[in-house]
Amino acid sequence: MAVDLLLGLQWGDEGKGKIVDVLTKDYDIIARFQGGPNAGHTLEFDGIKHVLHTIPSGIFHKNAVNVVGNGVVIDPVIFKKELQALEGFGLDLSSTLLISRKAHLILPTHRLLDAASETAKGKAKIGSTLKGIGPTYMDKTGRNGLRVGDLELDDWKEKYRALANKHEAMINFYNVDIQYNLAELEADFFDSIGALKALPFIDSEEYLHQAQKAGKKILAEGAQGSLLDIDFGTYPFVTSSNTTAAGACTGLGVAPNRIKEVMGIFKAYTTRVGSGPFPTELFDQDGETMGRVGNEFGATTGRPRRCGWLDLVALKYAVNINGVTQLMMMKGDVLSGFEKLKVCTAYNYKGNKITHLPYNIEAQNVTPIYTEMDGWQEDLTQMSAAAQLPKALNDYIAFLEAELQVPIKIVSVGPDRKQTIHR
Ligand code: IMP
């Protein structure tokens with residue numbers, strides 16, 4: 001049985017959590033493959049909004065097992081809070097949430113290092129969520145990290161101490177003003193380890209291998225978006241993991257030839273939170289409207305998201321890198337009321353028209369070239385079938401499908417589970 005992938009095609013916040021929740025009824029296993037609590041996956045149903053950071057978005061369904069894969073980085077303190085919130089809704093996670101032994105742990109000092117590094121960068125800062133993601137992946141690739149499986153060994157606290165001591169020396173090296181009480185942070189960390197240890201630790205690659213052999217349906221869930229990928233994103237303004245399709249292979253131990261559908265999610269416009277280039281960013285009333293109507297504030301940090309028109313040059317790049325076989329368009333409802341819509345179909349790059357994403361997409365090099373289309377005025381939020389969608393929206397969709405050469409299978413018209421139209 002093959003594995004399907006679901007990932008974001010822009011700068012994150014596309015709405016992956018909602019769609020995973022909608023699709024989980026068709027799967028036996030939901031497995032998250034990268035990122036950590038920098039992510040904020042928002043799900044809404046029965047009038048309640050849930051935000052998940054590390055836990056896969058299939059967790060509200062009894063039919064599926066959720067796996068936190070080896071490619072994920074876990075902060076036990078945030079993880080414990082997520083567990084408590086879910087237990088508050090009466091969920092028993094003791095057998096439906098499994099943790100890879102090979103996942104790396106975020107230490108309190110990783111978070112401090114993130115803060116020190118960002119402070120030292122000044123104006124050139126990445127705009128990190130400051131959850132310790134970069135420093136944790138640095139320790140992973142530097143072969144110094146502490147993994148979930150280490151917690152089963154007697155000497156894990158010694159390993160912890162050696163790593164935390166190294167971090168303290170590094171924080172001092174940055175020589176910036178970071179206020180912290182390490183004793184308090186560590187007490188919280190050690191306390192939270194207990195909550196993590198209450199869940200089953202597994203060799204997740206073997207578990208997923210056996211599940212495939214047994215014919216189980218697996219959905220791999222990504223975090224962030226393709227343009228934040230450590231290799232293919234707008235470096236250095238990226239996160240520290242592979243958010244693209246290949247990340248599911250390394251982040252779960254799934255072989256490339258086992259992957260079937262690659263579902264790519266994008267917003268009908270574009271947003272970005274944090275620093276870095278964004279060619280179609282708007283600084284006018286249109287951008288303000290998108291942010292207000294779309295409630296564009298980071299689910300993890302609360303920061304306002306930068307908004308702009310849909311960038312097809314960047315979207316095509318993401319479709320190609322991921323081998324996307326199906327698209328899902330989110331937040332079409334937010335564009336209701338615009339008389340005209342713009343879609344960026346090419347860039348003016350240093351005086352030349354180009355249709356690919358160049359190495360250097362900073363504002364001084366790139367100006368978007370737009371195709372203008374009619375907008376739609378209808379409120380989409382109560383619609384439930386493709387036949388109800390207005391003509392101008394169908395034209396928008398047809399234009400995107402022709403440009404991207406991939407069908408748009410889902411159109412989301414609001415945050416609730418029910419506000420999802422299948423085509
Ligand atoms: P970090 O991964 O927290 O270090 O953040 C690096 C960059 O990725 C920053 O610009 C963040 O705003 C952005 N980022 C990280 N996680 C997310 C996410 O889940 N959604 C959107 N942006 C994110």
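Trainee: How is Arg305 classed, buried or exposed?

Mentor: In this predicted model, Arg305 counts as buried, because its relative accessibility is 13% and the cut-off for buried is under 20%. The side chain of Arg305 meets that of Asp13 in a salt bridge, with 3.2 Å from N to O. That pair links distant parts of the chain, since Asp13 is in the loop between β1 (3-8) and α1 (16-23), while Arg305 is in the loop between α9 (285-293) and β13 (306-308), 292 residues apart.

Trainee: And what is the class of Asp13?

Mentor: Asp13 counts as partly exposed, because its relative accessibility is 22%, and partly exposed is the class between buried, under 20%, and exposed, over 50%.

Trainee: How many salt bridges does the count come to, and where else should I look?

Mentor: The count comes to 21 salt bridges. Among them is the one in which the side chains of Lys25 and Asp26 meet, at 3.4 Å from N to O. Here Lys25 is exposed, with a relative accessible area of 57%, whereas Asp26 counts as partly exposed at 38% relative accessibility. Another salt bridge joins the side chains of Arg423 and Glu401 at 3.0 Å, N to O. This pair also links distant parts of the chain, with Arg423 in the segment after β20 (420-422) and Glu401 in helix α11 (residues 391-404), 22 residues apart. Arg423 counts as partly exposed, its relative accessibility being 39%.

Trainee: Which residues do salt bridges with shared partners join into one network?

Mentor: The network is made of Asp13, Lys267, Glu296, Arg305 and Lys331, so the pair of Asp13 and Arg305 that we began with belongs to this network of shared partners.

Trainee: How should I read a helix such as α1 in terms of burial?

Mentor: The general idea is that an α-helix has 3.6 residues a turn, so residues three or four places apart point the same way. In this structure α1 is mostly covered, with 8 of its 8 residues buried. The buried residues of α1 are Lys16, Gly17, Lys18, Ile19, Val20, Asp21, Val22 and Leu23.

Trainee: What surrounds a buried residue in a loop, taking Thr239 as the case?

Mentor: Thr239 has its place in the loop between β10 (218-225) and α8 (246-252), and it is buried, with a relative accessible area of 10%. Leaving aside neighbours within four places in sequence, Thr239 is in contact with Asn38, Ile133, Gln224, Leu228 and Ile230. With Asn38 there is also a polar contact between the side chains, at 3.3 Å. Thr239 and Tyr137 are 102 residues apart in sequence, and their C-alpha atoms are 9.8 Å apart in space.

Trainee: How do Asp46 and His50 read by the same approach?

Mentor: Asp46 is found in the loop between β3 (41-45) and β4 (48-52), and Asp46 is exposed, with a relative accessible area of 64%. The C-alpha atoms of Asp46 and Arg417 are separated by 8.8 Å, although the two residues are 371 residues apart along the chain. His50, by contrast, lies in strand β4 and is buried, with a relative accessible area of 6%. Beyond neighbours within four places in sequence, His50 is in contact with His41, Thr42, Leu43, Phe45, Phe60 and Phe89.

Trainee: How do I read the empty space in the model?

Mentor: Rolling a probe the size of a water molecule over the atoms shows where empty space is left. In this case the count comes to 1 cavity of 30 Å³ or more, and the largest cavity has a volume of about 40 Å³. Its lining consists of Leu9, Gln10, Trp11, Leu227, Thr270, Leu310, Asp311, Ala314 and Leu315. To the lining of the largest cavity, β14 (310-311) and α10 (312-322) each supply at least two residues. By class, this lining divides into 6 nonpolar, 2 polar and 1 charged residues.

Trainee: What is the volume of the second largest pocket, and which residues line that pocket?

Mentor: The second largest pocket holds about 280 Å³ of space. Lining the second largest pocket are Phe232, Gly233, Thr234, Tyr235, Pro277, Tyr317, Leu357, Pro358, Tyr359, Asn360, Ile361 and Glu362. The lining of this pocket has 8 nonpolar, 3 polar and 1 charged residues.

Definitions and conventions. Residues are numbered from 1 along each chain as its sequence is written. This is a predicted model: local features need pLDDT of at least 70, side-chain atom pairs count only at pLDDT 80 or more; totals for chains, interfaces and linings use all residues. Side-chain values use heavy atoms; hydrogens and water are left out. Helices (H or I, at least four residues) and strands (E, at least two) are DSSP runs, numbered from the N terminus. Buried means under 20% relative accessible area, exposed over 50%, partly exposed in between (1.4 Å probe, protein chains only). Contact means heavy atoms within 4.5 Å. A polar contact is a pair of N or O atoms within 3.5 Å; within protein, one must be able to donate a hydrogen and the other to accept it, and residues adjacent in sequence count only if both atoms are side-chain atoms. A salt bridge is a side-chain nitrogen of Lys or Arg within 4 Å of a carboxyl oxygen of Asp or Glu. On a 1 Å grid over the protein atoms alone, a cavity is a set of points where a 1.4 Å probe fits but cannot get out, and a pocket is an open set with protein on both sides within 12 Å along at least five of seven lines; lining residues have an atom within 4 Å of a point. Grid points are joined across faces, edges and corners, and a volume is the space filled by probe spheres set on the points. Ala, Val, Leu, Ile, Met, Phe, Trp, Tyr, Cys and Pro count as nonpolar, Asp, Glu, Lys and Arg as charged, and the others, Gly among them, as polar.
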